[in-house]
Amino acid sequence: MMHDDDAQPGYPSVLTVLGCDGGVAGGKSTSSFLLGERILIDAGTGLSRLGSDKLLAVDHVFLTHSHLDHICALAFMADAVFGLREQPFAIHALPATLAALKAHLFNDVLWPDFSRLPRQGSPTLRYHELNPAYEFGTLHLRPFQAVHSVPAVGYVIDSPAGRTLLSGDTTITDDYITAVAALGPLRWLVMECAFPAAMSGIACLSGHVSPDGLAQLVQAIDHPGLQVVLTHLKPGCEREIMADVDGRLALGPRLHYAQPGMQLAL
Ligand SMILES: [Zn+2]
Ligand SMILES: [Zn+2]
């Protein structure tokens, strides 16, 4: 368990959506969420919503997986805070995700190696393999196995008010449903639903969710206190996905579609 108790005020139990779309067409922006003020989950293009001061305040970046729509803005974040931080910011991810960042992004070809800049002993960022659990003030966070086309996790976040699952990119299998059900009652399920039902085959092949999988999962774990927030909708397919979801789930006001700027009180 990693503890970081030094500043309770940096860890309010609020998850702010910075980016949540399945692409960037038409002003859309990809996955990035700010937990409190000092923790990022994923660094897709939505990260550009944060001003320089807020970027500088981020001490921890937790990644779900290596795909560009979840990591690309890390490059620009490193550049923006380069030379301005007293301590490096931490990138927490699966070993395969860290290996991909080192080999393909911060490799001195696509982008400088900010784990050695500005100085080897005092770099801009440091890589950390994921621990089983983390504690930030009253928030507890831990990785949760996802099922995607590359090694991937989501995150379980516990606040004093309840439990949240942020899925990251995943497809829905029987084992996944069993694992989510074993978490007990969720307060928030922040779940991707990338494709409409007509593209269920592609969703499965690419390790994503379609409304049929979503409905199976929600039916297995639903309870009156559950709020479902959908993310990662493929641009251009939003209406079709929403109609498919409405036809399969009757969640009423407990169903939300993530929007940049949306804040969830965890
Ligand atoms: Zn992905
Ligand atoms: Zn993605």
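These are my notebook entries on the zinc site, the cavity and the largest pocket of a predicted model.

**Entry 1: the zinc site**

I began with the zinc ion (ligand 2) and looked up its protein donors, which are Asp 69 (OD), His 70 (NE2), Asp 169 (OD) and His 232 (NE2), at 2.1 to 2.2 Å from the ion. I then checked the geometry and found that the angles among the four donor atoms run from 90 to 161 degrees, and I recorded the site as irregular. It cannot be entered as tetrahedral, because that label requires all angles to lie between 85 and 135 degrees, and the range here reaches 161 degrees.

Along the sequence, I noted the spacing of the donor residues of the zinc ion (ligand 2) as D-H-x98-D-x62-H. The pair His 70 and His 232 links distant parts of the chain, 162 residues apart, with His 70 in helix 2 (residues 68–81) and His 232 in the loop between strand 15 (227–231) and helix 7 (238–248).

I also asked myself whether these two histidines are buried or exposed. His 70 has a relative accessibility of 1% and counts as buried, and His 232 is buried as well, with a relative accessible area of 5%; both are placed in that class because the cut-off for buried is under 20%.

Turning to the second metal, I found that Asp 169 bridges the zinc ion (ligand 2) and the zinc ion (ligand 1), and that the two ions lie 3.5 Å apart.

**Entry 2: the cavity**

I next looked up enclosed space, and a search of the whole structure gave one cavity of 30 Å³ or more. Its volume is about 100 Å³, and of the 15 residues that line it, those closest to the centre are Ser 31, Phe 33, Leu 166, Gly 168 and Thr 231.

I sorted the cavity lining by residue class and obtained five nonpolar, seven polar and three charged residues. Strand 14 (residues 188–192) gives the most to this lining, with three residues, while domain 1 (8–129) and domain 2 (134–258) each supply at least three.

**Entry 3: the largest pocket**

Last, I turned to open space, where the largest pocket holds about 210 Å³. Its lining includes Pro 12, Val 14, Thr 16 and Leu 18, as well as Arg 49, Lys 54 and Gln 263. The largest share, three residues, comes from strand 2 (residues 14–19). By class, I recorded six nonpolar, three polar and three charged residues in the lining of the largest pocket.

Technical notes: Residues numbered from 1 in each chain as written. Chains lettered and ligands numbered in written order. Predicted model: local features only at pLDDT ≥ 70, side-chain atom pairs only at ≥ 80, totals over all residues. Heavy atoms only, no water. 1 Å grid on protein atoms, 1.4 Å probe; cavity = no way out; pocket = protein on both sides within 12 Å on 5 of 7 lines; lining within 4 Å. Points joined across faces, edges and corners; volume = space filled by probe spheres on them. Helix = DSSP H or I, 4+ residues; strand = E, 2+ residues; numbered from the N terminus. Nonpolar A, V, L, I, M, F, W, Y, C, P; charged D, E, K, R; others polar. Domains from an automatic or database assignment. Donors = N, O, S within 2.8 Å, 3.2 Å for Na, K, Ca; no water. Tetrahedral: all angles 85-135°; square planar, octahedral: opposite > 155°, others 65-115°. Buried < 20%, exposed > 50% of the residue type's maximum accessible area, 1.4 Å probe, protein only.
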